[in-house]
Amino acid sequence: MVDVADKLAYFQAITGLEDPDLCTEILQAHDWDLELAISSFTSSNPPPERQEQTPNTQVTANLLSRDGQNRVDRSDSLGNAVAGPGLAWRIITLPYSVISASIGLVSGAVGLGLWAAGGVLSYSLGMLGLNSGRSGESSTRLASVSAAALEAMEFVAVFERDYGNVKPNFVSEGFMDALQRSRSVFKLLFVYLHSPDHPDTPAFCEGTLCNEVLAAFVNENFVSWGGSIRASEGFKMSNSLKASRYPFCAVVMPAANQRIALLQQVEGPKSPEEMLMILQKVIEESNPALLQARLDAEERRNNMRLREEQDAAYRAALEADQAREQQRREEQERLEREAAEAERKHKEEVEAREREAREAAEREAALAKMRQEKALSLGAEPEKGPNVTQVLVRFPNGERKERRFHSTAVVQSLYDYVDSLGCLEVQNYSLVSNFPRVVYSTDKLSLSLKEAGLHPQASLFVELN
């Protein structure tokens, strides 16, 4: 909630009234309604076509007329104003200052609401129907263009229509944008506040501002901005710059801490020669400051470029280090994978050899056990006799083995005998006789030696299958 002191300060900043007692009386007459008091103040001297006044407007007019000595002469700036500032600007008055100054010397400061932000917000609220004073006009505007820029475009169009194209090249944008433009090109900002109904205005515009030599000088050395005091932004600038006489021109430049340095103001009609001398003097005095600003900006750009180059070099070195580290990690991971794979294969080979050795030992043990069992199944070798068969077995390696068997023993006993000797590394073989050739295969295993024709003696050889 804005307190009484803040409302009083806001009212003084917006209206330009310096007498706090008069401002207090006006606010009290409107029950401290800031918006209503400002609206009543700005309409207290309406143009001829507006004949009616509301009670609040009449109260304000009476207070102003009773204390006329406390008001700055605003017969042009307020008497011809169609409408005052927008609602958003009235409410949002952030601190901003105009500094009266010669080059390098600040002589004083006056308060100014941050009308740039206010103007944008006022237009935004107007688009939503909250700014009753401009609702009909704002409904046809494009949201992408600010109200201040539209006012500037309208001023330029009207000025060219009335006075032609030989003129200062007023920018078609708001004051703050024009100020920023002057900063970016290292020029001063030439400000012209236009009072359409002032008797000296037409002659000044035609004879001075539209003078070919003066216009060329202004266009070469300044960024130009103009505004009608009938429009919102022109009205605010007239209050901010304390314009008391028209025609009114000023030369300003951006200063530190969101301030504007007021280098020169020209009030009242002037000839082209007088204006040219004044502006030339301002240029001469401001050249060192503009040159220093240009050098500072160049140094900042160089420093920024150097920082960007250093940052780029650092990023490149960092990326190279990261790439090398990534490559090192990948190489290490590859070596670890290869080592793990080699270890796995070695372990599998060891396990395979151990398994084979174990299986071989198991097979050898099984064969030894089998030979032992078959040797036991043969029983003792019988002595020679009529019922005993003498058998000779020849092996593929030339080795011979002999043994006697009972003639009643079966052919299987001969295979068991060969198996029990352990002379063969294979188990798939056949016993064969040469004359005549007879293969004693599985169909003859159950025959006795006598029945198989091997009694009383036989010579067999081992044939591997």
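Trainee: In this predicted model, what makes the contact of Lys401 and Glu399 a salt bridge?

Mentor: The side chains of Lys401 and Glu399 come to 3.3 Å, N to O. The cut-off is 4 Å between a side-chain nitrogen of Lys or Arg and a carboxyl oxygen of Asp or Glu, so the pair qualifies.

Trainee: Why are Lys401 and Glu399 called partly exposed?

Mentor: Lys401 has a relative accessible area of 26%, and Glu399 has 30%. Buried means under 20% and exposed over 50%, so both values fall in between.

Trainee: What makes Glu364 and Arg371 a salt bridge?

Mentor: Their closest N and O atoms are 3.5 Å apart, which is within the 4 Å limit. Glu364 is partly exposed, because its relative accessible area is 45% and the term exposed needs over 50%.

Trainee: How do you know that Asp321 and Arg324 are about one turn of the helix apart?

Mentor: Both lie in helix H13, residues 272–378, with a spacing of three residues. Their side chains meet in a salt bridge at 2.1 Å, N to O. Asp321 has 39% relative accessibility and therefore counts as partly exposed.

Trainee: Which residues form a network of salt bridges, and how many salt bridges does the whole structure hold?

Mentor: Glu325, Arg328 and Arg329 are linked in such a network. The search of the whole structure finds 19 salt bridges.

Trainee: What makes the second largest cavity count among the three cavities of the structure?

Mentor: The three are those of 30 Å³ or more, and the second largest has a volume of about 50 Å³. Helix H8 (147–163), strand S4 (222–228) and helix H12 (232–240) each give two or more residues to its lining.

Trainee: Why are two residues of that lining called charged?

Mentor: The lining includes Glu151 and Glu233, and Glu counts as charged, so these two belong to that class. The rest of the lining divides into five nonpolar and four polar residues. Gly226, Gly227 and Gly234 are among the lining residues, and Gly counts as polar.

Trainee: What makes S8 and S10 edge strands?

Mentor: The open sheet has five strands in the order S8-S7-S11-S9-S10, with mixed pairing. Strand S8 (400–406) and strand S10 (438–440) each pair on one side only. Neighbouring strands of this sheet are turned by 30° against each other on average, direction ignored.

Trainee: How do you know that S9 and S10 pair?

Mentor: Strand S9, residues 429–433, and S10 share three bridges in the antiparallel sense. Pairing needs at least two bridges, so the criterion is met. Val432 has Val439 in S10 as its bridge partner.

Terms used:
Residues are numbered from 1 along each chain as its sequence is written. This is a predicted model: local features need pLDDT of at least 70, side-chain atom pairs count only at pLDDT 80 or more; totals for chains, interfaces and linings use all residues. Side-chain values use heavy atoms; hydrogens and water are left out. Helices (H or I, at least four residues) and strands (E, at least two) are DSSP runs, numbered from the N terminus. Buried means under 20% relative accessible area, exposed over 50%, partly exposed in between (1.4 Å probe, protein chains only). On a 1 Å grid over the protein atoms alone, a cavity is a set of points where a 1.4 Å probe fits but cannot get out, and a pocket is an open set with protein on both sides within 12 Å along at least five of seven lines; lining residues have an atom within 4 Å of a point. Grid points are joined across faces, edges and corners, and a volume is the space filled by probe spheres set on the points. Axes are lines fitted to C-alpha atoms, for helices over the stretch in contact, and angles run from 0 to 180 degrees between N-to-C directions.
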